[in-house]
Amino acid sequence: MDHDRFMAKLTDLREAGERIPCVGDDRWISDDRQAQAEAAQKCAGCPALAACGSYFERWPEPGGVWAGLTERARDGRAVGRRKKVAG
Ligand code: SF4
């Protein structure tokens with residue numbers, strides 16, 4: 001999913017009255033591990049979770065929490081992906 005489609009999805013959901021947990025909450029962009037862990041838990045109830053995961057798979061961002069994954073959690077996945085590609 002590209003950026004424009006992801007943003008449109010978020011807008012559609014918000015206009016439909018859905019709440020996107022990360023909007024207006026700095027825990028998603030915090031450098032604090034505890035704050036990121038709290039944010040990642042809240043992603044579980046996000047109506048955009050699938051779209052967010054799809055976007056992030058295509059356009060991995062280096063910082064913040066995306067689709068329920070903290071930076072720390074993604075580091076482990078990235079190592080696995082690199083091994084898979086290299087192997
Ligand atoms: S799943 Fe994505 S859009 Fe939803 S709260 Fe988490 S980071 Fe935000």
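This report walks through the fold, one helix and the ligand surroundings of a predicted model.

Let's start with the overall picture. The protein has four helices and zero strands, and reading from the N terminus the elements go α-α-α-α. Of its 87 residues, 17% count as buried. Now look at contacts with a separation of 6 or more: 58% of them involve residues 24 or more positions apart.

Next, zoom in on helix H3, which covers residues 49-58. Here is how some of its residues sort out:

| Residues of H3 | Burial |
|---|---|
| Ala51, Cys52, Tyr55 | buried |
| Ala50, Glu57 | exposed |

Why do the buried residues of H3 line one face of the helix? Ala51, Cys52 and Tyr55 are the buried ones. Looking down the axis of H3, you'd see its buried residues fall within an arc of 100 degrees, so they line one face of the helix. It helps to remember that an α-helix has 3.6 residues a turn, so residues three or four places apart point the same way. And what do the buried residues of H3 pack against? Their partner is helix H1, residues 3-15. Ala50 and Glu57, meanwhile, sit exposed on the other side of H3.

Finally, the ligand. The residues around it include four cysteines you can look up in the structure: Cys22, Cys43, Cys46 and Cys52. Trp28 and Trp66 are also around the ligand, along with Ile20, Pro21, Ala48, Leu49, Val65 and Ala67. By type, this shell divides into twelve nonpolar residues, no polar and no charged. Cys52 turns up twice in this story: it is buried in H3, and it is one of the residues around the ligand.

Terms used:
Residues are numbered from 1 along each chain as its sequence is written. This is a predicted model: local features need pLDDT of at least 70, side-chain atom pairs count only at pLDDT 80 or more; totals for chains, interfaces and linings use all residues. A residue is near a molecule or strand if its C-beta atom, placed from the backbone, lies within 6 Å of it. Ala, Val, Leu, Ile, Met, Phe, Trp, Tyr, Cys and Pro count as nonpolar, Asp, Glu, Lys and Arg as charged, and the others, Gly among them, as polar. Helices (H or I, at least four residues) and strands (E, at least two) are DSSP runs, numbered from the N terminus. A residue is buried if 20 or more other C-beta atoms lie within 10 Å of its own, exposed if 12 or fewer, and partly exposed in between; C-beta atoms are placed from the backbone. Two residues are in contact if their C-beta atoms, placed from the backbone, lie within 7 Å. The arc is that of the directions from the helix axis to the C-beta atoms.
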